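Here's a friendly walk through one protein model, meant for anyone meeting it for the first time. Have a look at the picture, then read on.

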Amino acid sequence: MAKTLYRNGAVYSAADPFATAMVVDGDTISWLGGEDAADRHAETADQVIDLRGGLVTPAFVESHTHLAALGRNLAGGDLSKATSASSLLSLVAAQGQKSSKVVLAQGWDNSNWEQAELPVEHDLTSAADGRAYYLSRRDVHSALVNQELLDFLGLGDLKPGLVSGSDHDDVRVALAKAQKADHDFQRLALEHYASRGFATVVEMAAPQLEGRAALDQLLADDQPKLPKVHAYWGELVNDAEAADELFASFPAGRILGLGGDLKVDGSLGSHTAYLREEYSDRPGERGTLYLGREEIAAHLVACSSRGIQASFHVIGDGALDVVLDGFDLAAEQIGVSKVQMGRHRLEHVEMVDEATRSRLLQYAVTVSMQPVFDKAWGGSNGMYAQRLGDRAQGMNNLSAMLSAGVPMVLGSDAPVTEVDGWEVVRAAMNMSNPQARISARAAFLAQTRSTYRAMGEMNPLAGQLAIGAQATFAVWTASELAVQTPDVRISSWSTDARAGTPMLPVVDEEIPQCLRTVRAGITIFDELEQVN
């Protein structure tokens, strides 16, 4: 197998913080070091790549994505640019010109429109050229639908307009059954991930999210020249035998667990996240609770008994209380240690106080969070403040999670937010609540090494650049490197490498661009050849 020397750059490696060069022998990193020693390796290398000051890092791992939905957005089904009812109509009209029985598009978010009113069904149907349409909100927990869609899906008993809660789930499940799984969208999304320096992604699949056929198709097409796909399947089980049967119905080693987007509640944007107290902008409403503590406990007991990781979608503080009550009930039945051994996980967990952090730690629960949510909806005038008032100030406290010792991974929930690991780093360093911020290094590790740990990867070198590690990495443009911290009490960054801490790009103004992505020695994205 080919032996390649990368040199004249910077290599992000705790094993050698001063490394400027790296040798990849087949699918393995065989050497790290400086330029003097690189001269000797150049003599035996099949190829020498001049990094021209670029940066080599471990490739990113996406901890939470929806590939087909992302692919549809990339193919033109993106409604996120809508700023008013009229602009949404224009975007839908552009979708309606495409040859499809159903107009599928997503991403509108009226929480930041000057006038929040949505278009009426008649106008949207006209914009869609009389076709059925499904237009999901950015958080994908509610959607605009017309009578044509409901008739097409056999759901004529539902009312057209804005659907949410269980009605929205019924529409999603029916759509998944009616629509042929389109693998082209999945592949388009994977290619996009590769171009952004990702070599591994974790798909969140469920009956109401594209459906089983789409997941089976995705897992069956494991292309070495695309990012590696792992998945969760969000279906509830109530006993160990059912867990065994469901888990065994997937190819061995291809799904990480039963859960992921197994919903306990919905989203704040759609007013379906389940709260302890009512919504500030909708008095009397507390959201939607999909699962009770007994159902959660049964799922945990079933999965824990078989060594299967369970995971739940939970956003509101009320929903988190119910989830943790379910953990308590499961522990009463099988013991705390058995629950801890399951390495269970929660998705989003945006509203966590000190008491619930302690309960998460008690059960060794991993949390999967999305810092760019705060960029999109945080701050004193953001959607979170609209929905929650003063309660929004304590949301998404990344620093408190790490300080408490709760295992944490970070991701995008694409297409809800963009695919960009460095944007996640920047958002994590600039949370609207200064006390919630974490360092660039912590945010980077939560998308590389920590994510492999959360997936149960036993190789201690996974997500790192070290001799003997798998050659899975990305090459970046990097105009400035530094050790960065969000702590306002000390200097925010340093370019002094003598401390022996690997340096990362300064992302305050400029986001690095990916030049090459390599998965297990195979190049899955490449613009580096153009540089050389």
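## Aromatic pairs

Let's start with Tyr 12, which counts as buried because its relative accessibility is 7%. Keep in mind that this is a predicted model. A search through the whole structure turns up 13 aromatic pairs. In one of them, the rings of Tyr 12 and Phe 444 have centres 5.1 Å apart and planes at 70°, so the pair is edge-to-face. Tyr 12 sits in the loop between strand 2 (10-11) and strand 3 (21-25), while Phe 444 belongs to helix 18 (residues 440-445), so the pair ties together parts that are 432 residues apart in sequence. Phe 444 is buried too, with a relative accessible area of 0%.

Trp 377 and Tyr 384 make another pair: their ring centres are 6.1 Å apart and their planes are at 65°, so this one is edge-to-face. Trp 377 is buried at 5% relative accessibility, and Tyr 384 is buried at 2%. And which residues gather with Tyr 12 in one aromatic cluster? They are Phe 60, Tyr 193, Phe 198, Trp 422, Phe 444 and Trp 476.

## Charges over rings

Some rings have a charged partner. The charged end of Arg 212 sits over the ring of Phe 250, 3.7 Å from its centre. Lys 263 does something similar, lying over the face of Tyr 290 at 4.2 Å from the ring centre.

## Salt bridges

How many salt bridges are there? The count comes to 24. Take Arg 345 and Glu 347, whose side chains meet in a salt bridge at 2.5 Å, N to O. Are these two buried or exposed? Arg 345 is buried, because its relative accessibility is 1%, and under 20% counts as buried. Glu 347 is buried as well, at 0%.

Asp 526 and Arg 516 form a salt bridge too, with their closest N and O atoms 3.0 Å apart. This pair links distant parts of the chain: Asp 526 is in strand 24 (residues 522-526) and Arg 516 is in strand 23 (residues 514-519), 10 residues apart. Asp 526 is partly exposed, with a relative accessible area of 31%, whereas Arg 516 is buried at 3% relative accessibility. For Asp 222 and Lys 228, the closest N and O atoms of the salt bridge are 3.1 Å apart. Asp 222 is partly exposed at 32% relative accessibility, and Lys 228 is partly exposed at 22%. Elsewhere, Arg 7, Glu 35 and Asp 39 are linked in a network of salt bridges.

## A look at helix 11

Helix 11 has 18 residues (317-334), and at 1.5 Å a residue they should span 26 Å. The C-alpha atoms at its ends are 26 Å apart, so the expectation and the model agree.

Which residues of helix 11 are buried? Among them are Asp 317, Gly 318, Ala 319 and Leu 320, and further along Val 322, Val 323, Leu 324, Gly 326 and Phe 327. Leu 329, Ala 330 and Ala 331 are buried in helix 11 too. The buried residues of helix 11 pack against helix 10 (293-305), strand 15 (309-314), helix 12 (336-341), strand 16 (345-348) and helix 13 (354-362). Just after helix 11 comes Gly 335, which takes a positive phi of about 95°.

Note on methods: Residues numbered from 1 in each chain as written. Predicted model: local features only at pLDDT ≥ 70, side-chain atom pairs only at ≥ 80, totals over all residues. Heavy atoms only, no water. Helix = DSSP H or I, 4+ residues; strand = E, 2+ residues; numbered from the N terminus. Expected span 1.5 Å × (residues − 1). Buried < 20%, exposed > 50% of the residue type's maximum accessible area, 1.4 Å probe, protein only. Contact = heavy atoms within 4.5 Å. Salt bridge = Lys/Arg side-chain N within 4 Å of Asp/Glu carboxyl O. Phe/Tyr/Trp six-rings, centres within 6.5 Å; stacked < 30°, edge-to-face > 60°. Lys NZ or Arg CZ within 6 Å of the ring centre and 35° of its normal.
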